[in-house]
Amino acid sequence: MTTTAPQHRLARPWPLWFGLFGGVTAWLLHLAIGFALVHDACAVGWAGLDLWLWIITGALGFVALIATFVAYGTWRRANRQEDTASEIMRGRTYFMGFMGAWLSGLSLLMILTTAVAIFWLNPCL
C-alpha cells in the first residue's frame, strides 16, 4: 500500500490570479471603455455621457476593490500558515498576495483619480 504525501495549498489559483491581475484589468478596461465612450458620445453630442461614465467607474472600481481585498487576504493567510506548506508554495502565495494587494490598490487609486476628473471636468472639452 502506497501513500502519497498530502499536498498543502495555501490558496486556490483563482484568487491568487484575480488578486494579482483583477485590479489592473479593471483599470485598463476603465480606460479603454471610457475613452471609446467619450470619443463616440462627444462626436454625436450624447447627453447621458456623465451617467454612463459614473456607472462604468463605479462598477470597475468595485472590481478593483474586491481584487485588492482578495489579494490582501491571500497575503495575510500566507503569513499565518508557515508550517503547513512548503517554503516554495508559501513564498509564491506571499509574493502574489503582496504584489496583488499593491497593484490592485494602485489600480483602484487610478480609477478613483479618474472619477475626480469626471466630476470636475467636462469630458467633451
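The largest pocket of this predicted model holds about 270 Å³ of space. Its lining is made up of 13 residues, and among these Phe35, Val38, Thr114, Ile118 and Pro123 are the ones that lie nearest the centre of the pocket. Three elements, α1 (13–44), α2 and α3, each give two or more residues to this lining, and the most come from α1, which supplies 5 residues. In terms of residue class, the lining of the largest pocket consists of 9 nonpolar and 4 polar residues, with no charged residues.

**Overall architecture**

The protein contains 3 helices and 0 strands, and, read from the N terminus, its elements follow the order α-α-α. Of the 125 residues in the protein, 31% are buried, while the accessible surface comes to about 8400 Å², with carbon and sulfur atoms accounting for 72% of that area. When the contacts in the protein with a separation of 6 or more are considered, 79% of them are between residues 24 or more positions apart.

**Nonpolar cores**

The largest nonpolar core is formed by 6 residues, namely Ala26, Ile56, Leu60, Ala64, Leu108 and Ile111. Both α2 (49–80) and α3 (87–120) supply at least two residues of this core, and α2 gives the most, with 3 residues. Apart from this core lies another one, of 5 residues, which include Val38, Ala41, Leu53 and Ile118. Val38 and Ile118 of this other core also appear among the residues that lie nearest the centre of the largest pocket.

One member of the largest core, Ile56, can be followed further through its contacts: once its neighbours within four places in sequence are left aside, isoleucine 56 is in contact with His30, Ile33 and Leu37.

**Individual positions on the helices**

Several residues illustrate how positions on the helices relate to the rest of the chain. On helix α2, where threonine 68 has its place, this residue counts as buried because its relative accessibility, 15%, is under the 20% cut-off. Leaving aside neighbours within four places in sequence, threonine 68 is in contact with Ala101, Ser104 and Gly105.

On helix α1, two residues may be described together. Leucine 31 is found in this helix, as is threonine 25. Leucine 31 has a relative accessible area of 26% and is therefore partly exposed, a class that lies between the limits of 20% and 50%. Threonine 25, at 41% relative accessibility, likewise counts as partly exposed.

Helix α3 is the place of phenylalanine 98, for which a relative accessibility of 29% again gives the class partly exposed.

For these three partly exposed residues, the separation from a partner that is distant along the chain is set out below, both in sequence and in space.

| Residue | Partner | Separation in sequence | C-alpha to C-alpha distance |
|---|---|---|---|
| Leucine 31 | Methionine 110 | 79 residues | 9.9 Å |
| Phenylalanine 98 | Leucine 20 | 78 residues | 8.5 Å |
| Threonine 25 | Valine 63 | 38 residues | 9.2 Å |

Read alongside the helix assignments, the table adds a spatial relation to each position: leucine 31, in helix α1, has its C-alpha atom 9.9 Å from that of methionine 110, whereas threonine 25, which is also found in helix α1, has its C-alpha atom separated by 9.2 Å from that of valine 63. For phenylalanine 98, which lies in helix α3, the corresponding distance to leucine 20 is 8.5 Å.

Conventions. Residues are numbered from 1 along each chain as its sequence is written. This is a predicted model: local features need pLDDT of at least 70, side-chain atom pairs count only at pLDDT 80 or more; totals for chains, interfaces and linings use all residues. Side-chain values use heavy atoms; hydrogens and water are left out. A nonpolar core is a set of buried Ala, Val, Leu, Ile, Met, Phe, Trp, Tyr and Cys residues joined through side-chain atoms within 4.5 Å. Buried means under 20% relative accessible area, exposed over 50%, partly exposed in between (1.4 Å probe, protein chains only). Helices (H or I, at least four residues) and strands (E, at least two) are DSSP runs, numbered from the N terminus. Contact means heavy atoms within 4.5 Å. On a 1 Å grid over the protein atoms alone, a cavity is a set of points where a 1.4 Å probe fits but cannot get out, and a pocket is an open set with protein on both sides within 12 Å along at least five of seven lines; lining residues have an atom within 4 Å of a point. Grid points are joined across faces, edges and corners, and a volume is the space filled by probe spheres set on the points. Ala, Val, Leu, Ile, Met, Phe, Trp, Tyr, Cys and Pro count as nonpolar, Asp, Glu, Lys and Arg as charged, and the others, Gly among them, as polar. Accessible areas come from the Shrake-Rupley method with a 1.4 Å probe; for residues, only the protein chains shown count as cover.
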